[in-house]
Amino acid sequence: MTEPDLNLLFALDALLAERSVVGAARRLGLSASAMSRTLSRLRNTTGDQLLVRAGRGMVLTPYAEGILERTQNAVFEARAVLRPALPTLSVAALEQLFTIRANDGFIEAFGPTLIAEAAKVAPGVVLRFAAKPEKSAKALREGRVDLEIGVAGEMGPEIRLQMLFRDRFIGVVRDGHPLAKLDKVTTSHYIEYGHVVASRRGVLTGPVDEELAEAGVARKVAAIVPGFPAALAVARATDLIALVPASFLLTQPANAAFHCFELPVTTRGITISQFWHPRSDADQAHRWLRQFMLGLCRRLTAEATT
């Protein structure tokens, strides 16, 4: 019986992930013509077209969709088997690139300390922070991301998660703003001024608006920006009120030109977690990364509340 060419497995993984012959070729360092020939071999081997034309692009066949995750897991396991054995992980000698997907607020608040602390204990580790345009486990499943940071959503039943810390929203205005002179901001004070909203999807309303509606009032949204850093910048330069997580202000300088206050309405707490694919559960380097992330996030948030 002829054994299958296992090199095809890695090509199949690239083709299914990229959904493009050119993209898969770029990932594997091959020419587009060589990858096209490999796709023909894969079609002959599997008896399925795998990728078919749809307009200007290509889409996976139902069979290809069905084997997508199995292929990714098989490639990951094959690489793990062929990796040199590390009976005991030496963090100081570890040389690895970790990709962490998080929003701008988390990266600005925790990124500098994470990078600095990692450099002390694991100088060979590189932390690559990736943008998070949407909530999805796709990047974790495909192995393009090692950790995802955020609020639990529809990540899928197989994705592992661990709570890092609990957060809450607070109001922020510029120094010298009329609200900065008050001991307590009431609902009437809060809706008297315009607001800048941070939303990567451009959404106008959120939990605060639901609570205000219960009280029979509404705030006026004057601007929408894609992230908390931009919202804070707008609040510093205008009379608009920004709404940001308390953790976002962890690394802001003590003399920063803004004033924070507790909201006049009660909103749901925010639970920030880290997510990873189960294939990384037993990986020693990945386990170190998770423990490092957990310890540092909890330490910083504890220091901020004491």
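Two strands count as paired if DSSP finds at least two bridges between them. Helices (H or I, at least four residues) and strands (E, at least two) are DSSP runs, numbered from the N terminus. What you see above is a predicted model, in which local features need pLDDT of at least 70 and side-chain atom pairs count only at pLDDT 80 or more, while totals for chains, interfaces and linings use all residues. Residues are numbered from 1 along each chain as its sequence is written, and side-chain values use heavy atoms, with hydrogens and water left out.

I start with the hairpin. Strands β1 and β2 form it, with two residues between them. Gly55, in the turn, has a positive phi of about 70°. β1 covers residues 51–54 and β2 residues 57–60; the two run antiparallel and are joined by four bridges. One of the bridge pairs is Ala54 with Gly57 in β2.

Next, the helices at the N-terminal end of the numbering. Axes here are lines fitted to C-alpha atoms, for helices over the stretch in contact, and angles run from 0 to 180 degrees between N-to-C directions. Helix α1 (residues 7–18) packs on helix α3 (residues 32–46) at an angle of about 105°, with the axes 10 Å apart. That makes α1 roughly perpendicular to α3; the bins are under 35 degrees for roughly parallel, over 145 for roughly antiparallel, 65 to 115 for roughly perpendicular, and oblique for the rest. Contact means heavy atoms within 4.5 Å. On the α1 side, the contact residues are Leu8, Ala11, Leu12 and Leu15, and they meet Met35, Thr38, Leu39, Arg41, Leu42 and Thr45 in α3. By class, this contact has seven nonpolar, two polar and one charged residues. Ala, Val, Leu, Ile, Met, Phe, Trp, Tyr, Cys and Pro count as nonpolar, Asp, Glu, Lys and Arg as charged, and the others, Gly among them, as polar.

Helix α2 (residues 21–28) also packs on α3, at about 110° and with the axes 8 Å apart. α2 and α3 are therefore roughly perpendicular to each other. Val21, Val22, Ala24, Ala25 and Leu28 of α2 make the contact with Ala32, Met35, Ser36 and Leu39 of α3. Those residues divide into eight nonpolar, one polar and no charged.

Now the sheets. One is an open sheet of five strands with mixed pairing, in the order β4-β3-β5-β12-β6. Its edge strands are β4 (125–130) and β6 (160–167), each pairing on one side only. Neighbouring strands in this sheet are turned by 25° against each other on average, direction ignored. β6 runs antiparallel to β12 (residues 270–276), with seven bridges joining them. Arg160 stands opposite Trp276 in β12. Helix α5 (residues 104–121) lies across β4, β5 (147–151) and β6, and runs at about 170° to β4.

The other open sheet of five strands, again with mixed pairing, has the order β9-β8-β10-β7-β11. β9 (220–225) and β11 (258–261) are at the edges with a single partner strand each, so one side of each has no neighbour in the sheet. The average turn between neighbouring strands is 35° here, direction ignored. β7 (residues 169–174) pairs with β11 in the antiparallel sense over four bridges, and Val173 has His259 as its bridge partner in β11. Helix α9 (residues 228–237) packs on this sheet, touching β7, β8 (194–198), β9, β10 (241–245) and β11, and its direction makes about 40° with that of β7.

Last, which elements help to line the largest pocket? α5, β5, β6, β8, α8 (207–214), β10 and β12 each supply at least two residues of its lining. The lining has 22 nonpolar, ten polar and ten charged residues by class.
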